[in-house]
Amino acid sequence: MEVRKALTCVLISVFLWAGDAQDSVPDSVLNCCEGDVLFLLDSSGSVSSYEFSRMVDFLSELLLPFSLGPDQVRVGLLQVGTEPHLEFGFDAYSSQQGLQAALERTKQLKGDTNTVDALLVARNQVLKPGVPGGARPDLPRVLVWLTDGVDPGDVREPMTRLRDEGVAVLVVSTGHGNFQVLREVTSPPTEEHLFFVDIDDINIISEDLRNAIIEIIRAERLQVKSVTATSAQLEWRPVLAGTGYYDIQFGPVRTGQIGGSVGPGTSPGTDSGPFQRITRPGDTSSAQLTGLRPDTTYTVTLTPKANLEFLNSLHATFTTQTVNPPQPEVQTLSTVSVSESSSRSVRVSWAPLLPHLIQDYQVEYSALPSGPLRVTSVSNRQNSTVLTDLQPDTTYLLTVSARQSNGKERAMSVKACTQEEEEVLPALSDLQLTTVGDESVQLRWKGSFDGLRGYWVTWERGQSQRSTLYLPPNRLSTTLNHVPSRARVCVSPVYRTARGEGLCCTA
C-alpha cells in the first residue's frame with residue numbers, strides 16, 4: 001500500500017554522523033532529545049495476532065536508537081482493550097535492554113476497542129505533569145496512536161483536550177479508518193504526523209515517524225549558563241565518548257550579526273574584537289569562558305573533532321552582564337541605645353529607620369555571662385521594641401541586626417542592666433508611748449523582721465529642731481529625755497535597701 005506522506009526532517013544543531021548503516025543504531029538519535037513519549041497501542045480483538053505482533057516489532061525498531069533515561073527520552077506503553085492496560089510507565093525503563101525485553105513480553109488484550117477510556121487514563125495518569133509516574137514538567141509530551149482504524153469510538157473530544165494541554169498527537173493507521181476523524185485528532189502539520197500504511201509495509205515509515213518525534217522532543221545541546229560580566233559557562237551533551245576533542249571559538253558579535261553562525265576559522269566579530277579559541281578533551285561536557293567584556297553580545301561555536309566521523313557544529317549567543325558603578329554603602333544601622341530600664345524589662349532602640357532597604361530587624365539578647373540566647377523579629381517600620389520577662393539586677397548583651405533585602409546584614413551590640421526588684425518592706429507595728437517623768441517618755445514597739453538592720457527614731461525638740469537616734473535590730477524599746485509637750489515621736493524600721501514604713505505618736 002502506498003504511504004500517503006513523505007517526511008523530510010532537517011535537524012538543526014544536532015550532532016550528525018556520516019554514513020547510513022541500516023543494521024546499526026542511527027547515531028544521529030543518540031543524546032538528541034528530552035521528552036516523554038507514550039504509545040497508545042490498539043490491542044483489541046479487531047486486531048489480528050499477526051498485526052499485533054507486527055506493531056510490537058515496529059515499536060521495537062522505532063525506539064531502538066533513542067537514548068533513554070531520566071534526563072533524556074522516557075517511553076510508556078498503554079494498551080487499548082475493553083479496559084485500558086498500562087503495560088509500563090515512563091519510569092519503568094532507562095535502558096534499551098530493559099525496554100526491548102518489555103516489548104517482547106507484551107501480550108495482546110483482545111476485547112473491545114475502548115479507546116476513549118484509554119485516552120482518559122493517558123490524560124489523567126500518564127501524560128499529566130506532576131502526578132506520581134506522570135510526565136516531567138516543562139518537557140515535550142508526545143502521544144503516538146497505533147490503530148487499525150476499526151471503530152475507535154468518539155475520540156475527538158479527549159484528543160482535543162490532550163492537544164490543548166500541550167501534548168503532540170501522532171497517528172499511525174494500518175487499516176481503513178475514517179480519514180477525516182484521524183486528521184482532526186492529529187497535531188499539525190498533519191502531512192508529517194499522520195501515517196496510513198499497510199501492516200506488512202509498516203517498517204518503511206520507521207525513519208519518518210522517528211524523525212517526526214525527534215523534531216518535537218529534540219533538546220538544545222549547547223547551553224550557556226552562569227553568565228557574569230566577564231565569564232560564562234558552556235555545557236553540552238558529550239558525544240565523543242572520550243575520544244577526540246572539542247574545538248570552541250567565541251567572540252563579540254558584529255552589528256546585525258546576532259542570530260547568525262560562525263564558521264570554523266572565521267572571526268565572530270572583527271568590528272568589535274578578535275575571536276578566541278580553546279579546546280577541551282573528548283570526555284568533557286563543559287568549559288569556562290573567561291576574559292569577556294561587560295555588556296557585550298558574544299557568539300560561540302562548538303565543533304566536536306573525531307578521527308573518523310564528521311559532526312556538525314553547535315552555536316549559541318549570549319550577552320554578558322553590565323558592570324554597575326559601585327554604590328556608596330548605606331549605613332543601615334548606626335546607633336543602638338537602651339532606655340526605660342526596669343527590673344523585668346528594657347526598651348532597645350536603633351537608627352536610622354530605612355524600610356525601603358531593610359527587610360526586617362532581629363534582636364538577640366542573653367544574660368551575661370552565659371544565659372540562654374533569645375531572639376525576636378521586628379518589622380522594618382519599627383525602630384524600637386521592649387524586651388520583657390528579664391531577670392532583675394542582671395546585665396544583658398543585646399544585638400540588633402538589620403537584614404537587607406539583598407541578603408546583606410549589619411549588626412550592633414550594646415549592654416543593658418535591669419533594675420533591682422523592689423522589695424516589699426514590712427512596716428513597724430504597735431508603737432506605744434508612755435510618760436515616765438517631766439519631758440521624758442518611754443517607747444516600745446514590735447519588730448524583728450527578716451533583713452532588718454535597725455530602727456530609726458526621730459522626735460521634735462521645739463523651734464523646728466529635730467533629734468534622731470539609731471538603734472540596733474535587737475532593741476524594741478528606748479527612753480527619750482527632754483521631749484517637749486505635744487512633740488511628735490516616730491520609729492521606722494531600717495532595711496538593706498531602704499527605710500520601711502514607721503509609726504508616730506504625740507507626747
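## Helix crossing and disulfide, with the cut-offs

Guide: Helix α1 passes helix α7 in a right-handed crossing. The model is predicted; local features need pLDDT of at least 70, side-chain atom pairs pLDDT 80 or more, while totals for chains, interfaces and linings use all residues. Residues are numbered from 1 along each chain as its sequence is written, and side-chain values use heavy atoms, without hydrogens or water.

Visitor: What makes a crossing right-handed?

Guide: The near helix is turned clockwise from the far one by less than a right angle; anticlockwise would be left-handed. Helices here are DSSP runs of H or I, at least four residues, and strands are runs of E, at least two, numbered from the N terminus.

Visitor: At what angle do the axes of α1 and α7 cross, and what is that called?

Guide: The axes of α1 (residues 49-63) and α7 (residues 206-217) come within 10 Å and cross at roughly 55 degrees. Therefore α1 is oblique to α7. Under 35 degrees would be roughly parallel, over 145 roughly antiparallel, 65 to 115 roughly perpendicular; the rest is oblique. Axes are lines fitted to C-alpha atoms over the stretch in contact, with angles from 0 to 180 degrees between N-to-C directions.

Visitor: Which residues make the contact?

Guide: Phe58, Glu61 and Leu62 of α1 meet Ser206, Leu209, Arg210 and Ile213 of α7. Contact means heavy atoms within 4.5 Å.

Visitor: How do you know that Cys490 and Cys504 are bonded?

Guide: Their sulfur atoms lie 1.9 Å apart. The cut-off for a disulfide is within 2.5 Å, so the pair qualifies. Cys490 sits in strand β26 (residues 488-495) and Cys504 in strand β27 (residues 503-506), 14 residues apart. The structure holds one disulfide.

Visitor: Why is Cys505 left without a bond?

Guide: The closest cysteine sulfur, in Cys504, is 7.6 Å from that of Cys505, which is too far.

Visitor: Are Cys490 and Cys504 buried, partly exposed or exposed, and what decides?

Guide: Relative accessible area decides: under 20% is buried, over 50% exposed, in between partly exposed (1.4 Å probe, protein chains only). Cys490 has 12%, so Cys490 is buried. Cys504 has 35%, so Cys504 is partly exposed. Cys417, at 46%, is partly exposed too.

Visitor: What is Ser339 called on that scale, and why?

Guide: Ser339 has 31% relative accessibility, so Ser339 is partly exposed. Ser339 belongs to strand β14 (residues 335-339). Beyond neighbours within four places in sequence, Ser339 touches Val346 and Arg347.
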